[in-house]
Amino acid sequence: MGTQTLTSPVLKGYTPPDGVLIRVEDLWKTYDMGGAIQVNALSGVSFDIHRGEYVAIMGPSGSGKSTLMNLIGCLDTPTRGRYWLNGRLVSELTDDELAYIRNKEIGFVFQTFNLLSRASALHNVELPLIYNGTPAIERMERAQEALRRVDLGDRMGHKPNELSGGQRQRVAVARALVNNPSLLLADEPTGNLDSATGEEIMNLFDRLQAAGNTIVLVTHEHDIAARARRIISVRDGKVARDEQVR
Amino acid sequence: MSAISNAQPLLSRVKTRDGRATFSVAAREAFFIAVEALRAHKLRSFLTLLGVVIATTTLIVVMSVINGMNLYIADHIANLGANVFILDRFQWANTSDEEWIKEQRRNKLIRLEDYQFLKDSLQGYKAIGAEGWYGRNSAPPLRYRGHTLYEVVITGETPSMMGIGQQQVGSGRYFTEAEYDHSAMICFIGNDVVNEFFPNSDPLDKVIDIGGQPFRVIGVAQTLGKTLGQSQDSFVQIPLTTFQKLYASRPGIDIDIQANNADQMLELEDETRALMRARHHIPYKESDDFGLNASATIMGLWQQLTGSIFAITIAVVAVFMVVGGIVIMNIMLASVTERTHEIGIRKSLGARRRDILLQFVIESGVMAGAGGLIGILLAVIIAKLVDMVFTASVPVSAILVGLSLSTVVGLFFGIYPATKAARLDPIEALRTEA
């Protein structure tokens, strides 16, 4: 279905329709491997993701799904092509502008949690708010609220090494949600968890999607991808399949 | 500042944040991170900061000692010359070595005849006195009933000297003109000599032995205390006439002239200069072959001395600070490498280059500032110890200079590591093992 959209005329000040949260159009990422050798990690990827969707991006390692995730997460810029996020053309922004977009629009959940080990759960959740200048009191209230939403209201003062894997991932989810981002981007969120805890996190995602959050899940596990409503399969830097599953 | 230059296009393309609010929140966060990092690595931080600590301590101790001596001189030596100037063979503060050599060669001794001459010829002075010196290192020993006392300053004085300086009679009396004229074998002693020879008895009218000659004690001076750690009460004074008779090898004297008031000083100096030049037959183009020294001269000499001490200190402190700064830079570079993953996390959550830059620059500044604080603490302790045996007083300005200098060094040497941290690619940084 995504393939029809890429012929849209690119006009100055063009923005995708309101319901489209993500539009990637002919996205290329080429790496120089030294000398004249170039590797295309992505070669012309296009699709739309609407608000409220729950999408899994699947593919084996080396398929380009990590590169795609980095581009969607505004951690990287494409070599070619365009990327709109929430009505904004973000594919041509500078480092600091991308930092602003990451802060405001994207909530990351990583496989390895990526929490600051020396900081308490509360402080970890406060971090995104620190970087947009939220005053201390409001910051604390919002972080506490976010932790309560993931049922960690009683663990706020704990440091990551005092928490179980599932609890750590829930802290990460709270951190991802604290700034009310338009997109929740999860990279193998259950990869470091046992299956019961993984199930717990996936249930949490279901709840979040039901509450209206847009979720993009990057994974190589079929049963995890099956929790999503739509699966985009990536292979050799291209979209191999794009299907609604539920 | 490259990070901030991007703010302009940001305005037009994406809604911007309130820069000032972000800055203060991020700066506070950076401060707490810095304090936390210091606490987490106490020993490492201390070793890292050693250079800055030593530099700050050196700076403040030297400033304190000089300040202490300044205070002392302002209190004592400068007061000693209240409207007094001293005619001596040499100018005390020389502008050049050349001049000093010249003075050594051609300046004549000031003699008792000069004193008589000035006393008769000068007009309108308040007091005039003369003294001859036997310094503490060469003076003959004092003896009393088997006790021997070395290193006591022996001077010969005119009776008029009592009243020109700070010296006061504690008990007994000073020499009379008659005793002076007759070269009486009497002495006026300082408190140290009393404590040594007469701990439990009255020294008056006792006879002590000075270099083999008997002298009767007629008076004791009021205690003067210590100047720069040297006791000022270790002296024996005898009439100048007696002094010159006994110590013929030391005919040189200096002459103290006291004016009635400050306004009269210059006038009196000029008069003295004219008289002495005429007496020494100096052609008008030649410079003086004697020295007129006022308290201003003493202060000048003093400032010349402290100036050079200070110049050396600044050089030493600068070297320490640069070394300390480089060590801090090194440890900050290590810290950036160590915390690459953390930087990646922060960047993924929306930290801009300048947020990361700020974090590491502030950390470096706080670290060096802490070194400065330790240095100040150490310096205050050392200054207290020095003050017990010598003199030192920590000026507030030294503390401020020490603290701000060390912090600035930290901020400066933090710039390079912080820039490296700020430029890290978020993906690469996240991929680094924590």
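Here is a friendly exchange about strands, helices and domains in this predicted model.

Me: How do you know that S1 and S2 of chain A pair, and in which sense do they run?
Reply: Two strands count as paired if there are at least two bridges between them. Strand S1 (residues 20-32) of chain A is joined to strand S2 (residues 38-50) of chain A by 10 bridges, so the pairing holds. They run antiparallel. To find a spot on the pair, look at A:Val20, which stands opposite A:His50 in S2(A).

Me: What lies between those two strands in the hairpin?
Reply: The hairpin of S1(A) and S2(A) has five residues between the strands. In this hairpin A:Gly34 takes a positive phi near 90°.

Me: What makes S1(A) and S4(A) a pair?
Reply: The cut-off is again at least two bridges. S1(A) and strand S4 (residues 80-85) of chain A have five bridges, so they count as paired, in the antiparallel sense. Here A:Glu25 stands opposite A:Arg82 in S4(A).

Me: Which strands form the open sheet of chain A, and in what order?
Reply: Six strands form it, in the order S6-S7-S8-S3-S9-S10, with mixed pairing.

Me: Why are S6 and S10 of chain A called edge strands?
Reply: Strand S6 (106-109) and strand S10 (238-244) of chain A each pair on one side only. On average, neighbouring strands of this sheet are turned by 20° against each other, direction ignored.

Me: How do you know that S6(A) pairs with S7(A)?
Reply: S6(A) and strand S7 (residues 183-187) of chain A share four bridges, and at least two are needed, so they pair; the sense is parallel. For example, A:Gly107 has A:Leu184 in S7(A) as its bridge partner.

Me: Why is H3(A) called roughly parallel to H5(A)?
Reply: The axes of helix H3 (residues 121-130) of chain A and helix H5 (residues 165-177) of chain A cross at roughly 30° and come within 7 Å. Angles under 35 degrees count as roughly parallel, so H3(A) is roughly parallel to H5(A). Their crossing is right-handed.

Me: Which residues meet where H3(A) and H5(A) are in contact?
Reply: From H3(A) come A:Ala121, A:Asn124, A:Val125, A:Leu127 and A:Pro128, which meet A:Val171, A:Ala174 and A:Arg175 in H5(A). By class, this contact has six nonpolar, one polar and one charged residues.

Me: Where do the two domains of chain B lie in the sequence?
Reply: Domain 1 covers 2-74 + 304-431, and domain 2 covers 108-289. Their C-alpha centres lie 56 Å apart.

Key
Residues numbered from 1 in each chain as written. Chains lettered and ligands numbered in written order. Predicted model: local features only at pLDDT ≥ 70, side-chain atom pairs only at ≥ 80, totals over all residues. Axes fitted to C-alpha atoms, helices over the stretch in contact; angles between N-to-C directions. Parallel < 35°, antiparallel > 145°, perpendicular 65-115°, else oblique. Left-handed = near helix turned anticlockwise from the far one by under 90°. Contact = placed C-beta atoms within 7 Å. Nonpolar A, V, L, I, M, F, W, Y, C, P; charged D, E, K, R; others polar. Domains from an automatic or database assignment.
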